[in-house]
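Below are some notes on the model, set out as numbered points. They cover strand pairing, salt bridges and enclosed space.

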Amino acid sequence: GLLSGRRGASETGFLPTAFGNTIAVAWLDRGTTEVVAEYGVTNHPLAYQGSAEQIAWAPDGSAIAFLSAEDGPEGPPGDPHVVTRYGYKSWSGMSDNRRWHINVVTLADKKVRRLTDGPYQDHSIAWSPKGDEIAYISNHEPDPDRVHNYDIFAVGVTDGRVRRITNTKGSEYAPTWSSDGSTLAYLAGTRPLTTQESSAEDTHVWTIPASGGSGRQLAATLDRRATSVNWMPGE
């Protein structure tokens with residue numbers, strides 16, 4: 001079954017925390033905190049567009065996946081600011097043209113590898129139970145500034161191979177794996193809305209085989225928004 005709620009602390013006994021522009025691990029058995037990576041930020045307003053986990057433990061506790069923003073193909077804004085994109089503003093400020101991408105840091109050596117790149121905003125990361133893939137949300141439309149259409153993707157932790165799991169005319173959000181890795185639960189609307197305001201549509205709980213295919217809506221008669229989704233232990 002599925003249980004609404006947020007993910008708790010890592011079962012390895014450590015807590016990942018983000019403060020400033022660093023990722024740190026609080027070692028509960030040692031009573032110490034260790035910075036393991038730095039990350040970049042962007043002023044892109046993902047916060048209201050269905051974003052979910054931005055830090056995720058590897059199942060064996062040896063590494064942490066996290067988001068870091070990198071310059072996009074447009075480069076950083078200059079002075080004067082030359083507008084080249086439809087989405088040239090982020091709220092009221094000028095867009096910094098940066099994109100969120102997925103990175104992994106191994107705790108033993110603090111080496112950081114970037115797993116995704118390109119002119120996309122990648123977010124809402126979820127590490128598979130087997131540790132071989134990380135599911136995430138991204139908008140790969142030809143003009144993502146104009147067409148707000150998030151889908152679920154997965155990237156291979158070892159080889160960086162990206163595969164697409166959903167391909168709908170609406171937006172999917174917040175994927176989470178079943179304990180055996182066979183299925184993903186996620187949030188999504190029911191209508192093919194593709195504007196920046198499509199996040200205002202009520203989201204519902206769906207499932208899909210991790211290999212891809214057609215999503216299945218759960219509790220279709222529920223007349224209110226679902227805001228988070230998780231699996232019961234062992235399900």
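**Notes on the predicted model**

1. Valine 25 has glutamate 34, in S3, as its bridge partner. The model is a predicted one, and the points that follow should be read as a description of that prediction. The pairing of S2 with strand S3 (residues 32-38) is antiparallel and runs over 6 bridges. The two strands make a hairpin with 4 residues between them. In the turn, glycine 31 has a positive phi of about 70°.

2. How many residues of strand S2 (residues 22-27) are buried? The count is 6 of its 6 residues, and the strand is mostly covered. Thr22, Ala24 and Ala26 point one way from S2, while Ile23, Val25 and Trp27 point the other way. Both sets are buried. As a rule, side chains in a regular strand alternate between the two faces of the sheet.

3. One open sheet has 4 strands in the order S4-S5-S8-S9, paired antiparallel. Its edges are strand S4 (55-57) and strand S9 (112-114); each has a single partner strand, so one side of each lacks a neighbour in the sheet. From one strand to the next the twist averages 35°.

4. Within that sheet, strand S5 (residues 63-71) and strand S8 (residues 98-106) run antiparallel and are joined by 9 bridges. Aspartate 71 has arginine 98, in S8, as its bridge partner. The side chains of these two residues also meet in a salt bridge, at 2.9 Å from N to O. This pair links distant parts of the chain, with arginine 98 in strand S8 and aspartate 71 in strand S5, 27 residues apart. Are the two residues buried or partly exposed? Arginine 98 is partly exposed, at a relative accessible area of 22%. Aspartate 71 is likewise partly exposed, at 43%.

5. The salt bridges in the model number 11. In general, side chains of opposite charge can pair when their charged atoms come close. Another of these contacts is between the side chains of arginine 85 and aspartate 145, also given as 2.9 Å from N to O. Arginine 85 is in the loop between S5 and strand S6 (89-90), and aspartate 145 is in the loop between strand S11 (133-138) and strand S12 (151-156), so the pair ties together parts 60 residues apart in sequence. Both arginine 85 and aspartate 145 are buried.

6. A further salt bridge is formed by aspartate 202 and arginine 225, with the closest N and O atoms 3.6 Å apart. Aspartate 202 lies in the loop between strand S15 (183-188) and strand S16 (204-209), and arginine 225 in the segment after strand S17 (216-217), so this pair ties together parts that are 23 residues apart in sequence. Aspartate 202 is partly exposed, with a relative accessible area of 34%. Arginine 225 is partly exposed as well, with 35%. Elsewhere, Glu74, Arg85, Arg99 and Asp145 are joined into one network by salt bridges that share partners.

7. Which residues line the second largest cavity? They are His81, Val82, Val83, Thr84, Arg85, Tyr88, Ser95 and Asn97. By class, this lining divides into 3 nonpolar, 4 polar and 1 charged. The cavity has a volume of about 40 Å³, and the model holds 2 cavities of 30 Å³ or more. Arg85 therefore appears both in this lining and in the salt-bridge network, with Arg counted as charged.

8. Another open sheet is made of 4 strands in the order S14-S15-S16-S17, with antiparallel pairing. Strand S14 (172-177) and S17 are at its edges, each with a single partner strand, so one side of each is left without a neighbour in the sheet. S14 pairs with S15 in the antiparallel sense over 4 bridges. Tryptophan 177 has leucine 184, in S15, as its bridge partner.

9. Where does serine 128 lie? It is in the loop between strand S10 (123-127) and S11. Serine 128 counts as buried because its relative accessibility is 2%, and buried means under 20%. The C-alpha atoms of serine 128 and tryptophan 177 are separated by 6.2 Å, although the two residues are 49 residues apart along the chain.

Note on methods
Residues are numbered from 1 along each chain as its sequence is written. This is a predicted model: local features need pLDDT of at least 70, side-chain atom pairs count only at pLDDT 80 or more; totals for chains, interfaces and linings use all residues. Side-chain values use heavy atoms; hydrogens and water are left out. On a 1 Å grid over the protein atoms alone, a cavity is a set of points where a 1.4 Å probe fits but cannot get out, and a pocket is an open set with protein on both sides within 12 Å along at least five of seven lines; lining residues have an atom within 4 Å of a point. Grid points are joined across faces, edges and corners, and a volume is the space filled by probe spheres set on the points. Two strands pair if DSSP finds at least two bridges between them. Axes are lines fitted to C-alpha atoms, for helices over the stretch in contact, and angles run from 0 to 180 degrees between N-to-C directions. A salt bridge is a side-chain nitrogen of Lys or Arg within 4 Å of a carboxyl oxygen of Asp or Glu. Buried means under 20% relative accessible area, exposed over 50%, partly exposed in between (1.4 Å probe, protein chains only).
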